[in-house]
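Work through the exercises below with the model open beside you, trying each task before you read its solution.

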Amino acid sequence: MRQTTKEKEQEMLADYDYHNWTKENLRNDGRYTISDIDSVIRDRTDDNVNRIMILEKKCFNAEVKECQAVTYRLIDALIREGLKSCGGEIEIKICGKNQKTKVEYLGTHLLQLSNATFEDSNFKFDRQNIDLSQLIETLNFTNQTST
């Protein structure tokens with residue numbers, strides 16, 4: 001059975017009810033913004049460095065709206081400045097114990113799909129065409145350096 005456009009929209013929104021609730025009940029005065037983060041991808045290297053990337057996924061080659069882009073730039077700047085101030089090493093609770101760990105931040109990125117699904121789409125990563133194998137390598141942190 002084929003999905004209707006409304007069903008596809010509902011599936012694309014991680015929490016359709018929450019999205020509608022916020023639109024109906026929370027401020028909309030141009031100064032107040034709610035943004036979701038589609039993915040935070042983390043990998044721990046063999047030498048225990050935690051590599052992190054933030055990813056925003058858009059279907060139909062949609063662009064990030066300016067209010068969401070500003071939120072992402074704020075988060076990106078906070079992470080970069082925070083890591084700079086601690087030399088990339090932080091102490092967090094891991095498995096119930098406080099431990100020092102190194103963090104390598106790989107930036108905030110935009111993934112655009114030409115259609116609604118991975119199966120029938122071409123891809124852009126940070127607005128540059130990328131094939132599926134390159135996308136998989138990028139999201140698996142293969143040959144990645146921090147940005």
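Three exercises follow, on strand pairing, on one loop residue and on a surface patch.

The model is a predicted one, in which local features need pLDDT of at least 70 and side-chain atom pairs count only at pLDDT 80 or more, while totals for chains, interfaces and linings use all residues. Residues are numbered from 1 along each chain as its sequence is written, and side-chain values use heavy atoms, with hydrogens and water left out.

**Exercise 1.** Determine how many bridges join β2, β3 and β5 to β4, and in which sense the strands run.

Solution. Begin with the terms: strands are DSSP runs of E with at least two residues, helices are runs of H or I with at least four, and both are numbered from the N terminus; two strands pair if DSSP finds at least two bridges between them. Next take β2 and β4, which run parallel and are joined by nine bridges, with I54 having T108 in β4 as its bridge partner. Then turn to β3 (residues 89–94), which is antiparallel to β4 and joined to it by six bridges; here I90 stands opposite T101. The hairpin of β3 and β4 has two residues between the strands, and in it C95 adopts a positive phi near 55 degrees. Finally, three bridges pair β4 with β5 in the antiparallel sense, and Q112 has K124 in β5 as its partner.

**Exercise 2.** Is S121 buried or exposed, and which backbone atoms does its side chain reach?

Solution. First locate S121 in the loop between β4 (97–113) and β5 (123–125). Its relative accessibility is 10%, so S121 counts as buried (buried means under 20% relative accessible area, exposed over 50%, partly exposed in between, with a 1.4 Å probe and protein chains only). The side chain then reaches the backbone nitrogen of N115 at 2.9 Å, and one of its polar atoms lies 2.6 Å from the backbone oxygen of T117. Leaving aside neighbours within four places in sequence, S121 is in contact (heavy atoms within 4.5 Å) with L113, S114, N115 and A116.

**Exercise 3.** Place I34 in the chain and classify its accessibility.

Solution. Start from the loop between α2 (16–25) and β1 (39–44), where I34 is found. The relative accessibility of I34 is 43%, and therefore I34 counts as partly exposed.

How values were computed: A polar contact is a pair of N or O atoms within 3.5 Å; within protein, one must be able to donate a hydrogen and the other to accept it, and residues adjacent in sequence count only if both atoms are side-chain atoms.
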